[in-house]
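Me: I've got this model open and I'd like a close look at one part of it, the strands and whatever they sit beside. Could you walk me through it in one go?

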Amino acid sequence: MNTTEFYKKLPDHVKSFFDRQYEDSYRLLDASRHPETGLYADGWMAYGENPEQKCSIAATGVGLIGLCVADTEGWDEQAAEKVIITLSAALGKIDNCQPARDEKTRFFAHFVDMETGENLRSEISTIDTSLLVAGALFAGQHFKKTVPQINVMANELLNEIDWSIVVADIDTGSINMVVKDGEGIMPLPAYNEYVLVAHLAMLGQPENPDIQNLWNQNFSEESISELPQVHYRDIPVLTDTNGAEGANSFLSSFVHQFPFYLVPEYTKSEVYREFYENACAADRLKWKEHNDVPSYVWGYGAGPNDGLHGGYHADQINNSPGDVASAYIVAGFLPVYPAGIYDLYALYQLHLPYDTYENPEDKEDERKLRESYRYGLHRYSWWHLEGPEKKYPTKVTLIDWSSMLYGLTAFKRGTSFFTDRLTNKANQQTIE
């Protein structure tokens with residue numbers, strides 16, 4: 001049974017939960033959007049003003065995809081207008097808002113001021129720029145027939161970037177993370193979320209032989225099985241080349257999810273899908289090593305631990321300080337593990353009924369839970385949910401929250417919702 005049929009056959013009480021969490025996956029994004037510039041905040045804050053002043057360029061790409069989902073579901077009649085405002089800001093076409101970019105290559109700074117676009121002491125980032133451009137192209141295809149201007153703007157954004165500098169080492173698939181003074185620096189080895197960078201480089205400069213070779217030798221479907229792997233029990237899981245044989249070489253589950261949703265060749269690939277299923281199975285099985293944790297608690301994701309345990313961390317097998325679980329990782333794996341919707345429902349019903357929770361004996365606890373999970377399930381610590389000292393997270397980062405939006409959308413609409421919108425047909429460039 002495909003997930004769209006799975007969705008239709010959900011029991012009414014589970015479907016009601018799904019529909020609420022699905023719409024809230026967009027509402028959190030909308031609450032994090034600047035109304036004048038259309039830029040999106042790095043995160044949504046449970047306490048304090050939203051949106052926060054710090055814009056994340058990556059989160060802005062997520063916001064653009066969120067607007068396409070909202071348009072499809074009828075949640076936002078102004079979705080197309082909001083996309084135009086966001087792309088206008090990204091292209092520097094809004095007065096007094098010029099998002100910081102490298103002057104030569106036109107890659108964006110990771111964090112900028114929500115109103116002015118000023119660089120907030122952050123690096124010029126290839127992956128964050130790629131996440132923005134992916135969102136723009138997604139919106140361009142979604143609104144291509146109804147608002148063709150959006151597709152024109154999206155391709156303008158794609159084509160004004162010099163993608164050639166992302167290539168660090170063709171033989172190893174190494175991609176530069178950072179741009180400094182017009183040059184790519186800080187190479188990162190394959191495999192990781194930077195597959196998206198290579199994919200967009202192919203779209204932006206398909207005639208560049210180095211970009212072609214980088215993709216064909218390392219990231220094409222024929223090469224996926226040759227990427228580094230590490231085993232959890234007897235399950236092969238893709239990893240990077242750093243310590244591929246070591247116990248700490250597993251990657252956070254979001255690394256597997258971003259290419260699955262944002263690189264159409266990977267979404268369609270049976271080879272990648274098998275590795276994706278493996279990553280899901282390994283994540284779930286590792287959590288079972290905790291004898292006092294129920295089976296519905298799992299999800300090694302990245303995110304802030306504000307209010308829970310230390311600072312921001314990308315949790316992974318064998319490296320998860322505080323054992324914080326991420327519900328949005330469960331959502332992200334729904335296309336290959338649709339039963340995960342029942343895991344989310346159990347977490348909601350038994351522990352985090354964010355819309356109905358009452359605690360007459362401790363109204364402060366009631367207030368904190370409702371505020372922390374206003375837009376639904378995200379990060380949590382099992383021991384702080386059931387232990388004597390209850391703790392709740394106080395921030396949700398939008399880029400990490402994206403797995404919730406993408407997974408729930410694919411569960412209801414199918415993965416074709418992504419592949420249909422991630423082919424840059426305007427330039428007739430498709431990686432097939």
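Reply: Sure. Let's start from one residue pair: Val 178 stands opposite Ile 185 in S7. Keep in mind that what you have on screen is a predicted model.

That pair belongs to the ladder between S6 and S7, two antiparallel strands joined by 5 bridges. S6 covers residues 174-180 and S7 covers 183-188. Together they make a hairpin with 2 residues between the strands, and Asp 181 in the turn has a positive phi of about 55 degrees.

Now go back to Val 178, since it has another partner too. Ser 125 is bridged to Val 178 in S6. Ser 125 brings in strand S4, residues 124-125, which runs antiparallel to S6 and is joined to it by 2 bridges.

S6 also pairs with S5 (residues 167-169), again in the antiparallel sense and over 2 bridges. Here the residue to click on is Asp 169, which stands opposite Ser 174 in S6. S5 and S6 form a hairpin as well, with 4 residues between them, and in its turn Gly 173 has a positive phi of about 75 degrees. With those partners around it, how covered is S6? Mostly: 5 of its 7 residues are buried.

What do these strands sit beside? Both S6 and S7 give two or more residues to the lining of the largest pocket, and so do helix H5 (126-142), helix H10 (253-262) and helix H17 (398-413). The volume of this pocket is about 640 Å³. Its lining has 31 residues, and the ones nearest the centre are Ile 127, Glu 193, Tyr 194, Phe 254 and Tyr 312. Sorted by class, the lining comes out as 18 nonpolar, 7 polar and 6 charged residues.

While you're on strands, have a look at S8 (residues 229-232) and S9 (residues 235-238), which run antiparallel and are joined by 4 bridges. His 231 has Pro 236 in S9 as its bridge partner. This hairpin has 2 residues between its strands, and Arg 233 takes a positive phi near 55 degrees.

Away from the strands, the aromatic rings are worth a stop. The structure holds 34 aromatic pairs. In one of them, Phe 17 and Tyr 348 have ring centres 4.9 Å apart and planes at 25 degrees; that angle is under 30 degrees, so the pair counts as stacked. The two rings come from distant parts of the chain, 331 residues apart, with Phe 17 in helix H2 (residues 12-31) and Tyr 348 in helix H14 (residues 340-350). Phe 17 is buried, at a relative accessible area of 5%, and Tyr 348 is buried too, at 11%.

Tyr 348 also pairs with Tyr 354: their ring centres are 5.5 Å apart and the planes sit at 65 degrees, so this pair is edge-to-face. Tyr 354 is buried as well, with 3% relative accessibility.

Last, two spots where a charge meets a ring. The charged end of Lys 54 sits over the ring of Phe 111, 4.3 Å from the ring centre. Arg 421 lies over the face of Phe 417, at 3.9 Å from the centre of that ring.

Key
Residues numbered from 1 in each chain as written. Predicted model: local features only at pLDDT ≥ 70, side-chain atom pairs only at ≥ 80, totals over all residues. Heavy atoms only, no water. Pairing = 2+ DSSP bridges. Phe/Tyr/Trp six-rings, centres within 6.5 Å; stacked < 30°, edge-to-face > 60°. Buried < 20%, exposed > 50% of the residue type's maximum accessible area, 1.4 Å probe, protein only. Lys NZ or Arg CZ within 6 Å of the ring centre and 35° of its normal. 1 Å grid on protein atoms, 1.4 Å probe; cavity = no way out; pocket = protein on both sides within 12 Å on 5 of 7 lines; lining within 4 Å. Points joined across faces, edges and corners; volume = space filled by probe spheres on them. Nonpolar A, V, L, I, M, F, W, Y, C, P; charged D, E, K, R; others polar.
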